[in-house]
Amino acid sequence: MAHAGRRYQDKQGGYHENRGSDGYEEDRKKENQAHIMEGILKFVEITVNLLVLICVGAAQASVAGFTSIGGLGIGSFNLNSAYSPFEGTELQEVRELDMQITQMRAPCVYGGVAFSLAAAALTLVFLVVGAKPIHRLKMGLLGGECAFSLLAGVCYVIAVGLYLHFVTQVNATEACKRRERLYARRGYTSMNCVVQGGDAAVGLFGVAAACLYFASFVVCILAIRTVRAFQSRMATAQHSPKSSVRDRSVRNDRPIHRTSGSSHNIQALATLV
């Protein structure tokens with residue numbers, strides 16, 4: 001019966017060890033999948049941030065007018081030449097209106113460029129720092145990454161709203177309407193006071209970036225849960241061999257004590273005889 005009980009305990013121990021190893025492999029698979037997904041999301045986030053940056057510059061260049069390049073106030077060509085669509089006082093008025101529109105849109109341009117560059121740079125930092133097995137990452141780093149993803153998503157939603165708000169405000173000014181009439185008089189209907197394609201692209205890619213950051217936040221939370229489960233399973237695996245070795249040593253010590261006691265009895269009987 002004792003041998004049968006011992007075999008049963010050994011089978012149970014082997015069963016639990018197999019279950020523990022299976023759980024370990026399962027956690028490793030989940031861990032790798034979450035890490036790969038997280039890296040892909042970050043790469044796409046950097047790409048979308050650069051697209052937002054390009055669209056901000058393209059939108060400003062499309063509405064800058066003939067008197068500036070990209071809204072920077074640098075003369076693109078000589079409006080006094082024979083190819084100039086304007087002349088005289090009309091030329092001077094167009095120059096002033098172009099410069100005024102450029103200055104009113106400056107917060108959108110500088111804010112959009114700074115925000116998209118900062119978001120891309122920080123995302124790249126987390127991508128480089130996190131380029132290691134996820135179980136080797138510190139929980140503080142993962143927590144900071146989750147906070148950044150959530151904050152970036154919220155800030156992108158706010159930034160897109162502010163950008164479109166400023167654009168519609170500039171388009172509603174009398175200066176914009178006056179410039180639209182002057183350009184339309186010469187056949188240039190693209191200089192109108194509606195949201196341009198570049199501005200719409202900024203809003204579209206901005207919303208896409210916000211969705212990506214929110215998805216990255218969810219994946220980061222799942223990664224933290226996976227790491228915690230992996231660490232707890234590793235701690236259990238480290239303690240279980242010690243307890244099994246201790247139990248086996250106790251079981252092995254018991255026959256030794258009985259054998260030593262029986263040898264003492266035999267020696268005493270021999271002495272009496």
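This report describes the aromatic pairs, the nonpolar cores and one pocket of a predicted model.

## Aromatic pairs

The model contains 5 aromatic pairs. One of them joins Phe148 and Tyr213 in an edge-to-face arrangement, with 5.8 Å from centre to centre and 85° between the planes. Because Phe148 belongs to helix α4 and Tyr213 to helix α6, this pair ties together parts that are 65 residues apart in sequence. Phe148 and Tyr213 are buried.

Tyr213 also pairs with Tyr156, and here the rings are stacked: the centres are 6.2 Å apart and the planes are at 20°. The angle satisfies the criterion for stacking, which is under 30 degrees. Tyr156 lies in helix α4 and Tyr213 in helix α6, so this pair links parts that are 57 residues apart in sequence. Tyr156, like Tyr213, is buried. Through ring pairs, Phe148, Tyr156 and Tyr213 are joined with Phe115 and Phe126 into a cluster.

## Nonpolar cores

In soluble globular proteins, nonpolar side chains tend to be buried together. The largest nonpolar core of this model comprises 22 residues, and those with the most contacts inside it are Val52, Tyr156, Tyr163, Val202 and Tyr213. Helices α1, α3, α4 and α6 each give two or more residues to this core. The largest share, 7 residues, is supplied by α6.

Tyr156 and Tyr213 thus appear both in the aromatic cluster and among the core residues with the most contacts. Val52, another residue of that group, touches Ser116, Tyr156, Val202, Phe205 and Gly206 when its neighbours within four places in sequence are left aside. Apart from the largest core lies another one of 12 residues, including Leu97, Val170, Cys176 and Met191.

## The second largest pocket

The second largest pocket has a volume of about 230 Å³. It is lined by 15 residues, of which Cys108, Gly111, Gly112, Ala159 and Tyr163 are the closest to its centre. Two or more lining residues come from each of α1 (2–62), α3 (106–129), α4 (139–171) and α6 (197–272). Helix α4 provides the largest share of the lining, with 6 residues.

By class, the lining consists of 12 nonpolar and 3 polar residues, with no charged residues. Tyr163 connects two parts of this account: this residue is among the closest to the centre of the pocket and is also one of the residues with the most contacts inside the largest nonpolar core. Helices α1, α3, α4 and α6 likewise recur, as contributors of two or more residues to the pocket lining and to the core.

Key. Residues are numbered from 1 along each chain as its sequence is written. This is a predicted model: local features need pLDDT of at least 70, side-chain atom pairs count only at pLDDT 80 or more; totals for chains, interfaces and linings use all residues. Side-chain values use heavy atoms; hydrogens and water are left out. On a 1 Å grid over the protein atoms alone, a cavity is a set of points where a 1.4 Å probe fits but cannot get out, and a pocket is an open set with protein on both sides within 12 Å along at least five of seven lines; lining residues have an atom within 4 Å of a point. Grid points are joined across faces, edges and corners, and a volume is the space filled by probe spheres set on the points. Helices (H or I, at least four residues) and strands (E, at least two) are DSSP runs, numbered from the N terminus. Ala, Val, Leu, Ile, Met, Phe, Trp, Tyr, Cys and Pro count as nonpolar, Asp, Glu, Lys and Arg as charged, and the others, Gly among them, as polar. Rings of Phe, Tyr and Trp (its six-membered ring) pair if their centres lie within 6.5 Å; planes under 30 degrees apart count as stacked, over 60 as edge-to-face and the rest as tilted. Buried means under 20% relative accessible area, exposed over 50%, partly exposed in between (1.4 Å probe, protein chains only). A nonpolar core is a set of buried Ala, Val, Leu, Ile, Met, Phe, Trp, Tyr and Cys residues joined through side-chain atoms within 4.5 Å. Contact means heavy atoms within 4.5 Å.
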